[in-house]
Amino acid sequence: MQLSPTSKAGSGNRLLRLYGYYSLFLALLIIVVDSIDKQDRLLGERAPQLFLILSSVYVISAATFVAIANRRPDSQATTSYMFIETALLTGMMYASGGLAAGFSSLLLIPVIMANLLAPGVLGYGVAAWLSLAVFYTQHILHGEFGLSDTANTGVYGAITFAIATITQLLSRRIRTAIDLAQDQAYNARRLQRLSQQALMTLPDGIIACTRYQQILFFNQQAADWFPLRAGEKLPPALEHIFRSEKLSGAQPLTVSRISIPDTDGDFLLVIEDDTRVAAEAQQIKLASLGRLTASIAHEIRNPLSALQQASQLLSETPGLSPENQRLTRMIEDNSQRINRTIADILQLSRGRQARCEPLELAAFLDRFKRQFLELHPQNDFDLVIHSEDSPQVRFDADHLVQVLNNLCNNGLRYARRLHTDKPQLTLTVMRGDHSHTILDVSDNGGGVCPEQQERLFEPFHTTEPEGTGLGLYLCRELCQANEADISYTGHPGGALFRIRMKDAE
């Protein structure tokens, strides 16, 4: 991955600003030293007036360069300043007595910076410009070409180009190292953001802690279940989790502790919603049951149809005795019961994946009431709906229709037996705790006897001679597939089934 030009330019601009501050500081220092040196012994010994003019121009140029470098750095302005600065320093070196005046070292710094900031021909151009300026001020300006002085100037020019070459080599290596470090830092930031986003969207709660149980990080799901703040200690309910423990409460949770290797005792707490885990397990169970029952139903229904047809033909035989007619009816009744059992099992095993979408519960119950009354045109019962408000829940609408149809049909059957005058069904919506809504389905049919309540949701358990015992079991499976739960509580005079559903976010 290539680093963006903006990131590369940022490091160069910082170096440019630092060099601007250095130049301004150097120019001001030269002015101060020159003002203190009244006898011009340190600076400007050869041409004091020229030195004062050049140092003043140097201050103005450095201040202008600092302003440009801080506002909007420009490569052309930077290059121009490097040439101007080199010329000014060379002139001040001449005014102070030449190479022996001590300015020679200061002249090399612009060469180094030019080759750091502008490697290539431009950097060598500054070195060449400095060499020519020194040669001109040392020899051409005075016409002095002594062997010793010329040799010193040549050596100084060679040193200038050697420094430019070495600086460019170091600059390329430094730039490569900086680019690699910035690439790695950028990738690390990307991975950190991706990891945090992945953790934030997990259905499980995640809490990262130090060895002293101080919170480093947590996702939104964990914050929904516990009061958490970064930098503070874990809540009391989570302080003594060392392996895997279940937390009892309104929301069934399992908390697991995972130690992080190669850290100073840091660890993660992974919090799972047992309701969601059970729903996922239920989906896997339904898929396996579907494959098994589909093949079994096919093998049973074919011979069962043959038995029913043979029983019907046998019952139509002339002169059949009453005893034999009773036996044929027995065969047909039990064949139909087996067929209903197979149909219920197939309905359970073919249950599709739950599509938990936001559902306006009050409006849904109104539609369900109209449909249920149309299925019972005799109109010999009351179906009453009580709803304090209109909450939104997460539930598959088709699944909820199946659950309510089953519960209402069961309740209506028992209510008709006890109250032949006016059976009654009641659907009551209430607010629950922890972002849940309660839907109660009750009747006035007398309720379920205590010895039957423990096995109420078991498959194939029924008190009806013609029942299959799969209705309530199917209701529980559909509720779990929608991350809800159903329970029997009962009430005076009848049965009450309570469905606890999640609110829509």
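This report walks through a helix pair, some aromatic rings, a covered helix and two single residues in a predicted model.

**Two helices side by side**

Let us begin with helix α4, which spans residues 104-117, and helix α5, which spans residues 121-140. Their axes lie 7 Å apart, and the packing angle is about 160°. Since angles over 145 degrees count as roughly antiparallel, α4 and α5 are therefore roughly antiparallel to each other. Their crossing is right-handed.

Which residues of α4 and α5 make the contact? From α4 come L107, P110, V111, A114 and N115, while α5 brings G123, Y124, V126, A127, L130 and V134. Sorted by character, the residues of this contact comprise nine nonpolar and two polar ones, with no charged residue.

**Aromatic rings**

Helix α5 also takes part in an aromatic pair, through W129. The count of aromatic pairs comes to six, and two of them are set out here.

| Aromatic pair | Centre to centre | Angle between planes | Geometry |
|---|---|---|---|
| F83 and W129 | 5.8 Å | 70° | edge-to-face |
| F372 and F381 | 5.9 Å | 80° | edge-to-face |

In the F83 and W129 pair, F83 lies in helix α3 (residues 75-96) and W129 in helix α5, so the pair ties together parts that are 46 residues apart in sequence. Are these two rings buried or exposed? F83 has a relative accessible area of 25%, so it is partly exposed. W129 is partly exposed too, with a relative accessibility of 37%.

The residues of the F372 and F381 pair are both buried. Ring pairs also bring in F368, so that F368, F372 and F381 are linked into a cluster.

**K422, a loop residue that touches F381**

F381 turns up again when we look at K422, since F381 is one of the residues in contact with K422. K422 sits in the loop between α11 (397-418) and β9 (424-431). Its relative accessibility is 37%, so K422 counts as partly exposed.

Which residues does K422 contact, once its neighbours within four places in sequence are left aside? They are N379, D380, F381, D382 and N444. For D380 there is also a distance to quote: its C-alpha atom and that of K422 are separated by 6.4 Å, although the two residues are 42 residues apart along the chain.

**I438 in strand β10**

Now to a strand residue. I438 belongs to β10, which covers residues 436-443. With a relative accessible area of 10%, I438 falls under the 20% cut-off and is therefore buried. Not counting residues up to four places away in sequence, I438 touches T428, V429, M430, G432, R498, I499 and R500. Along the chain, I438 and D485 are 47 residues apart, and their C-alpha atoms are separated by 10.0 Å.

**Helix α13 and the residue after it**

Finally, there is helix α13, made up of residues 471-481. How many of its eleven residues are buried? Eight are, which leaves the helix mostly covered. The buried residues are L472, Y473, L474, C475, E477, L478, C479 and A481. A backbone detail follows just after α13, where E483 takes a positive phi of about 55°.

Conventions:
Residues numbered from 1 in each chain as written. Predicted model: local features only at pLDDT ≥ 70, side-chain atom pairs only at ≥ 80, totals over all residues. Heavy atoms only, no water. Axes fitted to C-alpha atoms, helices over the stretch in contact; angles between N-to-C directions. Helix = DSSP H or I, 4+ residues; strand = E, 2+ residues; numbered from the N terminus. Parallel < 35°, antiparallel > 145°, perpendicular 65-115°, else oblique. Left-handed = near helix turned anticlockwise from the far one by under 90°. Contact = heavy atoms within 4.5 Å. Nonpolar A, V, L, I, M, F, W, Y, C, P; charged D, E, K, R; others polar. Phe/Tyr/Trp six-rings, centres within 6.5 Å; stacked < 30°, edge-to-face > 60°. Buried < 20%, exposed > 50% of the residue type's maximum accessible area, 1.4 Å probe, protein only.
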